[in-house]
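Reader: Hello! I am new to reading protein structures, and I would like a close look at one helix. Could you show me where it sits and what holds on to it?

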Amino acid sequence: MRAVVQRVQSAGVAVAGETVGSIGQGLLVYLGIAADDSETDFEYIANKIPHLRVFDDENAVPNRSVLDVGGAVLLISQFTLYGDARHGRRPGYGAAAKPETARAFYESMAARLSETLPVQTGIFQADMQVSSVNDGPVTILLDSRRLF
């Protein structure tokens with residue numbers, strides 16, 4: 001499982017011109033699910049996101065999590081995080097989970113995060129337009145297999 005986590009001042013997602021999710025201060029999270037992901041992968045990412053210390057404390061040191069600052073999460077499904085562009089010019093997506101598997105993990109992640117944080121989501125498999133005001137910018141890459 002992979003996640004691209006961006007600290008934002010605000011973020012939103014629209015489908016067909018209509019806003020379906022938006023947050024103020026918090027984290028914009030793009031979530032990719034691999035075909036062979038397990039509960040172990042899920043738990044790793046689900047525990048990392050709310051506790052990442054990427055928000056500044058009173059000394060301008062990133063010691064606070066989204067929980068600490070009362071922020072929110074905008075969770076967007078993105079199978080292209082498993083795009084493999086090492087060969088040729090067109091990425092292959094064979095490592096990405098099939099939609100039914102990915103949807104289950106995505107919905108479970110939204111439910112898990114919403115136990116402790118306000119969570120907004122995009123629409124799974126929709127053509128989405130995501131906008132954000134990055135703060136910093138701060139972008140963290142997470143991989144449950146710890147490849148990066």
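Author: Here is a walk along helix α1 (residues 39–48), followed by a visit to some of its partners elsewhere in the chain.

A word on the numbers first. This is a predicted model, in which local features need pLDDT of at least 70 and side-chain atom pairs count only at pLDDT 80 or more, while totals for chains, interfaces and linings use all residues. Residues are numbered from 1 along each chain as its sequence is written, and side-chain values use heavy atoms, with hydrogens and water left out.

Helices and strands here are DSSP runs numbered from the N terminus, with H or I and at least four residues for a helix, and E and at least two for a strand. Let us start with Glu-39, which is found in helix α1. Glu-39 counts as exposed because its relative accessibility is 52%. The words to know are buried (under 20% relative accessible area), exposed (over 50%) and partly exposed (in between), using a 1.4 Å probe and protein chains only. The C-alpha atom of Glu-39 is separated by 25 Å from that of Gly-26, although their positions lie 13 residues apart along the chain.

Asp-41 is also in helix α1, but Asp-41 is buried, with 6% relative accessibility. A polar atom of the Asp-41 side chain lies 2.8 Å from the backbone nitrogen of Ser-38. Asp-41 also touches Met-1, Asp-36, Ser-144 and Arg-145, if residues up to four places away in sequence are set aside. Touching, or contact, means heavy atoms within 4.5 Å.

Now for the charged partners. Side chains of opposite charge can pair when their charged atoms come close. A salt bridge is a side-chain nitrogen of Lys or Arg within 4 Å of a carboxyl oxygen of Asp or Glu, and nine of them turn up in a search of the whole structure. In one of these, Asp-37 meets Arg-145, with 3.0 Å from N to O. The two come from distant parts of the chain, 108 residues apart: Asp-37 is in the loop between β3 (26–32) and α1, and Arg-145 is in the segment after β8. Asp-37 is buried at 10% relative accessibility, while Arg-145 is partly exposed at 36%.

Further along the helix, the closest N and O atoms of the salt bridge between Glu-43 and Arg-112 are 2.6 Å apart. Glu-43 is in helix α1 and Arg-112 in helix α2 (residues 99–113), so this pair ties together parts that are 69 residues apart in sequence. Glu-43 is partly exposed at 28% relative accessible area, and Arg-112 is partly exposed too, at 24%. There is also a network of salt bridges that share partners, and it joins Asp-36, Asp-37, Asp-41 and Arg-145.

The helix has a nonpolar side to its story as well. In soluble globular proteins, nonpolar side chains tend to be buried together. A nonpolar core is a set of buried Ala, Val, Leu, Ile, Met, Phe, Trp, Tyr and Cys residues joined through side-chain atoms within 4.5 Å. The largest one here has 30 residues, and Ile-45 is among those with the most contacts inside it, along with Leu-27, Leu-31, Val-73 and Met-109. At least two residues of this core come from each of β1, β3, α1, β6 (72–77), α2 and β8. Helix α2 gives the largest share, six residues. Beyond its neighbours up to four places away in sequence, Ile-45 touches Met-1, Ala-3, Leu-31, Met-109, Leu-142, Asp-143 and Ser-144. Another core, of 13 residues, lies apart from the largest one and includes Val-13, Val-15, Leu-74 and Met-128.

Let us finish with strand β8, a contributor to the largest core. Strand β8 covers residues 128–143 and holds Leu-141, which is partly exposed at 48% relative accessibility. Thr-139 lies in β8 too, and Thr-139 is partly exposed at 41%. Beyond neighbours within four places in sequence, Thr-139 contacts Val-4, Val-5 and Gln-6. Asp-135 makes a salt bridge with Arg-7, with 3.5 Å between the closest N and O atoms. That pair joins strand β8 to strand β1 (residues 2–15), across 128 residues of chain. Arg-7 is buried, at 8% relative accessible area.

Notes. A polar contact is a pair of N or O atoms within 3.5 Å; within protein, one must be able to donate a hydrogen and the other to accept it, and residues adjacent in sequence count only if both atoms are side-chain atoms.
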